[in-house]
Amino acid sequence: MDDETHANALSVTGPLSAKLRQAIAAQQGWLGFDAFMHMALYEPGLGYYSNARRKIGAMPATATPAGAGEGSDFVTAPELSPLFGRCVAVQLAQALRVSGTDTVYEFGAGHGSLAREVLGTLQAMGAPLRRYCIIDVSGALRARQAQTLAAFGAQVQWLDELPPTLEGVLLGNEVLDAMPVKLLACKQGQWHERGVALDAADAFTWADRPSALRPPCEPNASELAAQAWPGDALPLQGPGDACDYLTEIHPWAEAFVRTCAERLRKGAMLWIDYGFGEREYYHPQRRSGTLACHFQHRMDDQPLHDVGQKDITSHVNFTGIAVAAQEAGLEVLGYTSQARFLINCGIQPMLDAASLPERAMAAKLLHEHEMGELFKVMMLGAGPFWEPQGFASGDRTHTL
């Protein structure tokens, strides 16, 4: 980390840590991890997604000459290749036509790269798009989005909150993974909720409390024992002390999707993120959960350190998302891998017409060892079932 990056990080971490200590004290010395994560990511002006530090880019600052680095922590699919957004637009165009709506609502629009490609492609296709509305908590990113999308004028609008009623297509790429999660730890057959407390030196530390909460697919003691390592047990790699099993549950993401579904009168939702169906998510072999942090294109499992300067994320339980949407009256229209979705939406002819460097970058979207398999796509619809193009082949809804 260069001196400027380090100074900027400290300017956020100090005040945010003070607020988190106050929150812990206000909760009698123990704060659930979901509340901690929410403040670490979204505390106004200080949280990771609320401060001005740059997050998205192809390279970290340390990889370029001093003063020329992007200072970014991760790269997303729209930044890797414009073909991603063009394929998404194919699916959005069909959804707009089928639902008879004319508005796209994008959550967490980043630098506006996805919106730029979607808008340009929909315009070229003659799709019935009147408004493109962006809902983003980051004021700094909103300014960047306005610059990226200036050519589209008043067609692009920014909303401060979710409207009470929605008609259109909702879009979220890598949004659900940034929703706060609760941590559950199984220790000697007993379930605990893992939260945050303060140690004798006033530093953040993990603290567990017995809890009635359970993961949806709870591994039993015999399943966990069957997955134990032979000989000397390896330490559990994850946040906090070793335990039998550590995982996450996602009440915030599920509540968010449920709220969107309740307000969606006509239209559809398209969610793209890394994650699994429930049975795979809570497999006994996944003993350490999926919680991870991102800083300068490096990952770690220490969310209590350097708060405000690094991303905290968890994989998505897509079964939970589907159930939340169904409970609010939506249909699951499709669920598949990102690679299959992009192929169904016509990425191959786009690749054929692209240059060799462009094809090399787009391949990262498709390869199983890159983003093609880990990332999933889910489409939900209000109204009668219809067949979206992106799920015409390779649909995995039956695996949820």
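Okay, let's start with one residue: S17 has 9% relative accessibility, so it counts as buried. Buried here means under 20% relative accessible area, exposed means over 50%, and partly exposed is in between, with a 1.4 Å probe and protein chains only.

Quick word on what we're looking at. This is a predicted model, where local features need pLDDT of at least 70, side-chain atom pairs count only at pLDDT 80 or more, and totals for chains, interfaces and linings use all residues. Residues are numbered from 1 along each chain as its sequence is written, and side-chain values use heavy atoms, with hydrogens and water left out.

Back to S17. You'll find S17 in helix α1, residues 3-26. Helices (H or I, at least four residues) and strands (E, at least two) are DSSP runs, numbered from the N terminus. What does the side chain of S17 reach? One of its polar atoms is 2.7 Å from the backbone oxygen of T13. That's a polar contact: N or O atoms within 3.5 Å, where, within protein, one must be able to donate a hydrogen and the other to accept it, and residues adjacent in sequence count only if both atoms are side-chain atoms. Skipping residues up to four places away in sequence, S17 touches F204 and V307; contact means heavy atoms within 4.5 Å.

Now, strand β5, residues 166-173. Seven of its eight residues are buried, so the strand is largely enclosed by the rest of the structure. Which strands does β5 pair with? Strand β2, residues 103-107, runs parallel to β5 with four bridges, and strand β10, residues 264-276, is also parallel to β5, joined by eight bridges. For strands to pair, DSSP has to find at least two bridges between them.

Let's zoom in on V169, which sits in β5. At 0% relative accessibility, V169 is buried. V104 stands opposite V169, and in β10 the bridge partner of V169 is A268. Leaving aside neighbours within four places in sequence, the contacts of V169 include L92, L96, Y105 and A268. And here's a fun one: V169 and K266 are 97 residues apart in sequence, but their C-alphas are 8.5 Å apart in space.

Last stop, cysteines. How many disulfides are there? Zero, taking a disulfide as a pair of cysteine sulfur atoms within 2.5 Å. Take C243: the closest cysteine sulfur, in C186, is 7.6 Å from its own, too far for a bond. C243 is buried at 12% relative accessible area, and C133 is buried too, at 0% relative accessibility.
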